[in-house]
Amino acid sequence: MDEDIKELQIKLIDIKKQGFVKNKFLKNKNGGAGNTLETLLGIKENNISAPDFKSIEIKT
């Protein structure tokens, strides 16, 4: 799990370097931020409660 956390940290740092990112899911006010983050992380949208990124469940 430590490797998963390190990989996620690197990806989040890369996303932060992009600066402000407009919500990509304006059609749906609920979950838009989470769906945008998942898209930036390269995660396909899903509605399951299993971890999104390797062993980590992403929450916003």
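Biologist: How many positive and negative side chains does the protein chain have, and how far apart do the centres of the two sets lie?
Modeller: Keep in mind that this is a predicted model. Lys and Arg go in as positive, Asp and Glu as negative. On that basis the protein chain has 11 positive and 9 negative side chains, with the centres of the two sets 10 Å apart.

Biologist: What does the secondary structure of the protein chain come to?
Modeller: One helix is α1, at residues 2-17, and another is α2, at residues 32-40. For strands the count is zero, so to speak in full, the chain comes to two helices and zero strands.

Biologist: Which helix is included in what covers the buried residues of α2?
Modeller: The buried residues of α2 are Gly32, Gly34, Asn35, Thr36, Leu37 and Glu38. Their cover includes residues 2-17, that is, α1.

Biologist: Which residue just after α2 takes a positive phi?
Modeller: Helix α2 covers residues 32-40. Just after α2, a positive phi of about 80° turns up at Gly42.

Biologist: Which residues make up the largest nonpolar core?
Modeller: Buried here means under 20% relative accessible area, and buried residues make up 27% of the 60 in the protein chain. The largest nonpolar core has eight residues: Leu8, Ile15, Leu37, Leu41, Ile43, Phe53, Ile56 and Ile58.

Biologist: What does Phe53 touch, not counting residues up to four places away in sequence?
Modeller: Phe53 is one of the residues in the largest nonpolar core. Leaving out residues up to four places away in sequence, Phe53 touches Asp4, Glu7, Leu8, Lys11, Ile43 and Ile58.

Conventions
Residues numbered from 1 in each chain as written. Predicted model: local features only at pLDDT ≥ 70, side-chain atom pairs only at ≥ 80, totals over all residues. Heavy atoms only, no water. Core = buried A, V, L, I, M, F, W, Y, C linked by side-chain atoms within 4.5 Å. Buried < 20%, exposed > 50% of the residue type's maximum accessible area, 1.4 Å probe, protein only. Contact = heavy atoms within 4.5 Å. Helix = DSSP H or I, 4+ residues; strand = E, 2+ residues; numbered from the N terminus. Charge placed at Lys NZ, Arg CZ, Asp CG, Glu CD.
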